[in-house]
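Here are a few exercises to work through with the model open beside you. Try each task before you read its solution.

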Amino acid sequence: MVKLLWTLVLGLLLAGSTSLAQEEEEEEETVVSMGAEATKEPTEEAANGDQDPPMEEAPSAEEGPAEEDQMAEPEGPGTELGPPNDSKPCAMWIGGVPGTPGHSGHPGRDGRDGHDGPRGEKGDTGDPGEQGEGGTKGDSGPPGPRGFPGSPGLKGSRGESALSYRSAFSMGLTDPVPAGTDLPIRFNKHLYNEERRYDDATGKFRCAVPGVYFFTYHITVYPKDARVALFKNGKAVVITYDQYHQGNLDQASGAVIQRLAAGDEVWLQVYGEEEFAGVYADNTNDSTFSGFLLYPDMGAAVEEEAVENARRRRHSLGRRSL
């Protein structure tokens, strides 16, 4: 450790002596150059003696110190300039320890904004980006104006009318129903039966046009209670009962809607024992039974109509052969 300190001290001494010698050489060179300039000035003044002296210019801030030095210099060459420098470097001079770095200064103020540079050339078109997600459905817009009427369509083929299928009847009684008969009531007074769907010999309506039918009946009750039922294919569908009051003529009625297929049969019949056979009629009091087609089942009606027409042709041909 001691050797290292001595080595450092000797290095500092050598560096100090070397710098001192360099300073002395620089001072000698300065003195020599200043003497040469001083000897040159009288010669120039003699050469210019006959000429008017130039106007003196005011010394500038830079030239003032130099002229004062020239005026203070002696005219003789080789003379010493100024007081001698008696300061001698200390032979045992040791450099001090380097100081700690100072604190960082405050940041300077922002400079002024520069001028805008020239506009650059247009760059190349970039690659298309990825497709974004679909947005939510917007609200419906207001309805647009009404358009012009379209051209009329072609005339359609002629359809089948329900009016071409007819089936109806309305029959009445001419005499009271005999007691003790467990058979259909035979209405023999023809009010309407053009299609001949009601058979007055059997007292039954036979369906020839499949579809929906409406049936109704109106009976006069005398001189006993009456109970009648509307039958369809041997099964009672609706039953009507009227209790007779002595000395009066009572009325009873009923109605029903039924879907019938081709060949179905419908009739009225006394329902029960002999004591309920009070269905009455004369020339001033009627009992009636009626029914008619509301609308047909078109597909089945066409087939049944074809069968019925064929039957009628066969029947007419049979009569001719006889």
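**Exercise 1. Place Thr240 in the predicted model: which strand holds Thr240, is Thr240 buried or exposed, and what does its side chain meet in a polar contact?**

Solution. Start with the address: Thr240 sits in strand E6, which covers residues 235-242. Next, look at the cover. The relative accessibility of Thr240 comes out at 12%, and the cut-off for buried is under 20%, so Thr240 counts as buried. Now look for a polar partner: the side chain of Tyr217 makes a polar contact of 2.4 Å with the side chain of Thr240. Finally, list the surroundings. Setting aside residues up to four places away in sequence, Thr240 touches Tyr217, Ala226, Arg227, Val228, Ala252, Ser253 and Gly254.

**Exercise 2. Sketch the chain as a whole: how many helices and strands are there, and in what order do they run?**

Solution. Count the elements and you get three helices and ten strands. Then walk along the chain from the N terminus: the order is α-α-β-β-β-β-β-β-β-β-β-β-α. For burial, take the 322 residues of the chain, of which 21% count as buried. The chain exposes about 26000 Å², and carbon and sulfur atoms supply 52% of that area. One last number is about contacts between residues at least 6 apart in sequence: 71% of them join residues at least 24 apart.

**Exercise 3. Find the largest nonpolar core: how many residues does it have, and which strand gives the most to it?**

Solution. The largest nonpolar core has 31 residues. Those with the most contacts inside it are Ile185, Phe187, Phe205, Tyr213, Phe215, Leu230 and Phe289. Go on to the elements: strand E1 (168-172), strand E5 (211-232), E7, E8, E9 and E10 each give two or more residues to this core. E5 gives the most, with eight residues.

Now zoom in on Phe215. Leaving aside neighbours within four places in sequence, Phe215 is in contact with a set of residues that includes Phe169, Phe205, Leu230, Val256, Leu260, Val266 and Phe289. Gly254, Ala255, Ser290 and Gly291 are also among its contacts.

**Exercise 4. Look at strand E8: how many of its residues are buried, and how does E8 pair with E4 and E5?**

Solution. Begin with the cover: five of the six residues of E8 are buried, so the strand is mostly covered. Then take the E4 side, where two bridges join E4 to E8 and the strands run antiparallel. Here Arg206 stands opposite Glu265. On to E5, which pairs with E8 over five bridges, again in the antiparallel sense. In this pairing, Lys232 stands opposite Val266.

**Exercise 5. How many salt bridges does the structure hold, and which parts of the chain does the pair Lys189 and Asp286 tie together?**

Solution. The structure holds four salt bridges. As background, side chains of opposite charge can pair when their charged atoms come close. Take the pair in the task: the side chains of Lys189 and Asp286 meet at 3.4 Å, N to O. Lys189 belongs to strand E2 (residues 189-192), while Asp286 lies in the loop between strand E9 (277-280) and strand E10 (288-296), so this bridge ties together parts that are 97 residues apart in sequence. As for cover, Lys189 is partly exposed at 32% relative accessibility, and Asp286 is partly exposed at 35%.

**Exercise 6. Which strands hold Lys204 and Glu265, and which residues form one network with them?**

Solution. The side chains of Lys204 and Glu265 meet in a salt bridge of 3.6 Å, N to O. Lys204 lies in strand E4 (residues 204-206) and Glu265 in strand E8 (residues 265-270), so the pair ties together parts 61 residues apart in sequence. Check the accessibility next: Lys204 is partly exposed at 23%, and Glu265 is partly exposed at 22%.

Compare that with the bridge between the side chains of Arg259 and Asp297, at 2.8 Å, N to O. Arg259 lies in strand E7 (residues 250-260) and Asp297 in the loop between E10 and helix H3 (298-321), with their places 38 residues apart in sequence. Arg259 is partly exposed, with a relative accessible area of 47%, and Asp297 is partly exposed at 25%. To finish, return to the network: salt bridges that share partners join Lys204, Arg206 and Glu265.

Note on methods: Residues numbered from 1 in each chain as written. Predicted model: local features only at pLDDT ≥ 70, side-chain atom pairs only at ≥ 80, totals over all residues. Heavy atoms only, no water. Helix = DSSP H or I, 4+ residues; strand = E, 2+ residues; numbered from the N terminus. Buried < 20%, exposed > 50% of the residue type's maximum accessible area, 1.4 Å probe, protein only. Polar contact = N/O pair within 3.5 Å; in protein donor to acceptor, adjacent residues only side chain to side chain. Contact = heavy atoms within 4.5 Å. Areas by Shrake-Rupley, 256 points an atom, 1.4 Å probe, with all protein chains shown as cover. Core = buried A, V, L, I, M, F, W, Y, C linked by side-chain atoms within 4.5 Å. Pairing = 2+ DSSP bridges.
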